[in-house]
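User: Hi! I'm new to this one and would like a quick tour. Can you pull it up for me?

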Amino acid sequence: MPVPSIQDWLDIAEGFYTKTQFPNLVGAVDGKHVRLECPKSSGTQYFNYKQFFSLILLGICDSNYCFTIIDVGSFGKESDCNIFKQSAFGKKLYSGQVNFPPDTCLPNDTERVPQPCPYVIVGDEAFALNKHLLRPFPGKSLNNERRIFNYRLSRARQHIECTFGILSNKWRVFHTPILASPNVAIAITKAACVLHNFVRRRDGYITEDSMSCRMEEESERRGVGNASTNAKELREYFVKYFNTPENALSWQNKVLAM
């Protein structure tokens, strides 16, 4: 898949802001285990923490549940964070070489002196915090404002979970272990992602697609520390932004009672 152009990133950000009210957002990232029959002479390389054999489909999606970036073929035992860091796109992101649009102020950021913010991708706690990749705060450091931030991030991140769900339900080959070598399984997965995008763009948005999304359990996720000061300050800036009257959702405080 070609890397999006600057205009593509801007269009994606507009779509996410319209649907999730999360500004400067250009994607949601996560990994999916693609089931395999045990590959010959592979040992435990493909055996994952869920106790089956798999390879990893790492994907980034837009607000229309289309893949924009994919990385396919890593061993099932590998963590999403390491796979992302070692992928071509991940290396560019963490080195600041992705062609994101220039930093821009968040919409309706009027209560304080607005500062330009970079465009970001959202992921779960398995990913390393970066000025271009935001993850939720861990439970041990939560206060009410941070819980609101986690909720807003989760609403946006759910798009990648839905994208994987739509892919699997459309192409039933992902419902059972793929009876092929890893190389063939990689080719099947890549082809399915391309066909998925084609069908999504042909058929348009279908409400039912977002009604059966299941968020993955976080119990097996491991946080990654040692984030830069700039990344931590940016996340805190979003925390304050989501808790201002101009940018709060009318129902977001209900999460505090859960």
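User: Thanks! Let's start with Pro 102: buried or exposed?

Analyst: Happy to help. Keep in mind that this is a predicted model. Pro 102 has a relative accessibility of 65%, and exposed means over 50%, so Pro 102 counts as exposed.

User: And where does Pro 102 lie?

Analyst: Pro 102 is in the loop that links helix 3 (88-94) and strand 4 (120-122). The C-alpha atom of Pro 102 is separated by 7.9 Å from that of Tyr 119, with the two residues 17 apart along the chain.

User: Switching topic. What about Ser 54, is that one buried or exposed?

Analyst: Ser 54 counts as buried, because its relative accessibility is 0%. You'll find Ser 54 in strand 2, which covers residues 54-61.

User: Which residues is Ser 54 in contact with?

Analyst: Setting aside neighbours within four places in sequence, Ser 54 is in contact with His 33, Val 34, Arg 35, Leu 36, Tyr 46, Asn 48, Phe 75 and Gly 76. With His 33 there is also a polar contact of 2.8 Å between the two side chains.

User: How many residues of strand 2 are buried?

Analyst: Eight of the eight, so strand 2 is largely enclosed by the rest of the structure. Ser 54, Ile 56, Leu 58 and Ile 60 point one way from the strand, while Leu 55, Leu 57, Gly 59 and Cys 61 point the other way, and all of them are buried.

User: Which strands does strand 2 pair with?

Analyst: One partner is strand 1 (residues 25-35), which pairs with strand 2 in the antiparallel sense over eight bridges. For instance, Val 34 has Leu 55 in strand 2 as its bridge partner. Strand 3 (residues 67-75) also runs antiparallel to strand 2, and seven bridges join these two.

User: Which residues stand opposite each other in strand 2 and strand 3?

Analyst: Among them, Ile 56 stands opposite Ser 74 in strand 3, and Gly 59 stands opposite Ile 70.

User: What about the hairpin of strand 2 and strand 3?

Analyst: That hairpin has five residues between the strands, and Tyr 65 takes a positive phi near 65 degrees there.

User: Cool, now the helices. How do helix 4 and helix 6 cross?

Analyst: The axes of helix 4 (residues 144-170) and helix 6 (residues 229-242) cross at roughly 95 degrees and come within 9 Å. Helix 4 and helix 6 are therefore roughly perpendicular to each other.

User: Which residues meet there?

Analyst: On the helix 4 side they are Glu 145, Arg 146, Ile 148, Phe 149 and Arg 152, and they meet Arg 235, Glu 236, Phe 238, Val 239 and Phe 242 in helix 6. By class, this contact of helix 4 with helix 6 has five nonpolar, five charged and no polar residues.

User: And at what angle do helix 4 and helix 5 cross?

Analyst: Roughly 100 degrees, with the axes of helix 4 and helix 5 (residues 182-203) coming within 10 Å. Thr 163, Ile 166, Leu 167 and Lys 170 in helix 4 meet Ala 192, Cys 193, His 196, Val 199 and Arg 200 in helix 5. The class count for helix 4 with helix 5 is five nonpolar, two polar and two charged residues.

Definitions and conventions: Residues are numbered from 1 along each chain as its sequence is written. This is a predicted model: local features need pLDDT of at least 70, side-chain atom pairs count only at pLDDT 80 or more; totals for chains, interfaces and linings use all residues. Side-chain values use heavy atoms; hydrogens and water are left out. Axes are lines fitted to C-alpha atoms, for helices over the stretch in contact, and angles run from 0 to 180 degrees between N-to-C directions. Helices (H or I, at least four residues) and strands (E, at least two) are DSSP runs, numbered from the N terminus. Angles under 35 degrees count as roughly parallel, over 145 as roughly antiparallel, 65 to 115 as roughly perpendicular and the rest as oblique. Contact means heavy atoms within 4.5 Å. Ala, Val, Leu, Ile, Met, Phe, Trp, Tyr, Cys and Pro count as nonpolar, Asp, Glu, Lys and Arg as charged, and the others, Gly among them, as polar. Buried means under 20% relative accessible area, exposed over 50%, partly exposed in between (1.4 Å probe, protein chains only). A polar contact is a pair of N or O atoms within 3.5 Å; within protein, one must be able to donate a hydrogen and the other to accept it, and residues adjacent in sequence count only if both atoms are side-chain atoms. Two strands pair if DSSP finds at least two bridges between them.
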